[in-house]
Amino acid sequence: MTAADLEALKVIGSGLRSLENEDARERAKLARLGKVAMESFLKNWNPIGKTPQDLKVILGKPKEEESDFLLYAFDNGSYASLYQFVIRDGRVAELLRPKSE
């Protein structure tokens, strides 16, 4: 991974943890920046064919995990942008993005 990818992953991680911040403005900022970083990262990194474990190593713990999907959320407390990685036969088969909650 490049230095830019590693920096994007840090921003993504902060965005995924945005609800941990008590300040509403900071939550919104972290969620927005995380979503932008995720879109940029996904232009260079294709998740299709990766395993759920690959995703967890790269993106961290998902908001929700079932046998057929992993869900990552950039949540500011009022709304969330959701990235759902659909799992079939133990691999990412599809990415539904961004969904809103």
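What follows is a conversation between a trainee and a mentor about a predicted model.

Trainee: In this predicted model, how many bridges join strand S1 to strand S2?

Mentor: Strand S1, residues 64-66, runs antiparallel to S2, and the two strands form a hairpin with 2 residues between them. Within this pairing, glutamate 66 has phenylalanine 69 of S2 as its bridge partner. The number of bridges that join S1 to S2 is 3.

Trainee: Over how many bridges do S2 and S3 pair?

Mentor: S2 and S3 form a hairpin with 4 residues between them, and in that turn glycine 77 has a positive phi of about 100°. Alanine 73 is matched across the hairpin with leucine 82, its bridge partner in S3. The two strands pair in the antiparallel sense, and the number of bridges is 7.

Trainee: How many of the residues of S2 are buried?

Mentor: In a regular strand the side chains alternate between the two faces of the sheet. For S2 both faces are covered, with Phe69, Leu71, Ala73 and Asp75 buried on one side, and Leu70, Tyr72 and Phe74 buried on the other. The strand is therefore described as mostly covered, buried meaning under 20% relative accessible area, and the count of its buried residues is 7 of 7.

Trainee: What kind of pair do the rings of tyrosine 72 and phenylalanine 85 form?

Mentor: The structure holds 3 aromatic pairs. In this one, tyrosine 72 lies in strand S2 and phenylalanine 85 in strand S3, residues 80-88, so the pair ties together parts that are 13 residues apart in sequence. Tyrosine 72 and phenylalanine 85 are both buried. Their ring centres are 5.8 Å apart and their planes stand at 90°, so the pair is edge-to-face.

Trainee: How far apart are the ring centres of phenylalanine 74 and tyrosine 83?

Mentor: A pair of aromatic rings is described by the distance of the centres and the angle of the planes. For phenylalanine 74 and tyrosine 83, both of which are buried, the planes are at 90°, so this pair is edge-to-face, and the distance between the centres is 5.7 Å.

Trainee: Which strand supplies the largest share of the lining of the largest pocket?

Mentor: The lining includes Gly15 and Leu16, together with Lys61, Pro62 and Lys63, and also Tyr72, Ala73 and Asp75. Helix H1, residues 3-16, and strand S2, residues 69-75, each supply at least two residues of this lining. The largest share, 3 residues, comes from S2.

Trainee: What is the volume of the largest pocket?

Mentor: Rolling a probe the size of a water molecule over the atoms shows where empty space is left. The residues that line the largest pocket divide into 5 nonpolar, 2 polar and 5 charged. The volume of this pocket is about 170 Å³.

Trainee: Which residue of helix H2 meets arginine 97 in a salt bridge?

Mentor: A search of the whole structure finds 4 salt bridges, and in this one the N to O distance is 3.5 Å. The pair links distant parts of the chain, 58 residues apart, with arginine 97 in strand S4 and its partner in helix H2, residues 24-44. Arginine 97 counts as partly exposed at 41% relative accessibility, and its partner is likewise partly exposed, at 23%. That partner is glutamate 39.

Trainee: What is the N to O distance in the salt bridge of lysine 56 and glutamate 65?

Mentor: Side chains of opposite charge can pair when their charged atoms come close. Here lysine 56 counts as partly exposed at 25% relative accessibility, and glutamate 65 is partly exposed with a relative accessible area of 43%. The N to O distance is 2.8 Å.

Trainee: Which residue forms a salt bridge with glutamate 94?

Mentor: Glutamate 94 counts as partly exposed at 32% relative accessibility, and its partner counts as partly exposed at 46%. The closest N and O atoms are 3.3 Å apart, and the partner is arginine 88.

Trainee: Is aspartate 89 buried or exposed?

Mentor: Aspartate 89 has its place in the loop between S3 and strand S4, residues 91-100. Its phi is near 55°, a positive value in a residue other than glycine. With a relative accessible area of 82%, aspartate 89 is exposed.

Notes
Residues numbered from 1 in each chain as written. Predicted model: local features only at pLDDT ≥ 70, side-chain atom pairs only at ≥ 80, totals over all residues. Heavy atoms only, no water. 1 Å grid on protein atoms, 1.4 Å probe; cavity = no way out; pocket = protein on both sides within 12 Å on 5 of 7 lines; lining within 4 Å. Points joined across faces, edges and corners; volume = space filled by probe spheres on them. Nonpolar A, V, L, I, M, F, W, Y, C, P; charged D, E, K, R; others polar. Phe/Tyr/Trp six-rings, centres within 6.5 Å; stacked < 30°, edge-to-face > 60°. Buried < 20%, exposed > 50% of the residue type's maximum accessible area, 1.4 Å probe, protein only. Pairing = 2+ DSSP bridges. Salt bridge = Lys/Arg side-chain N within 4 Å of Asp/Glu carboxyl O.
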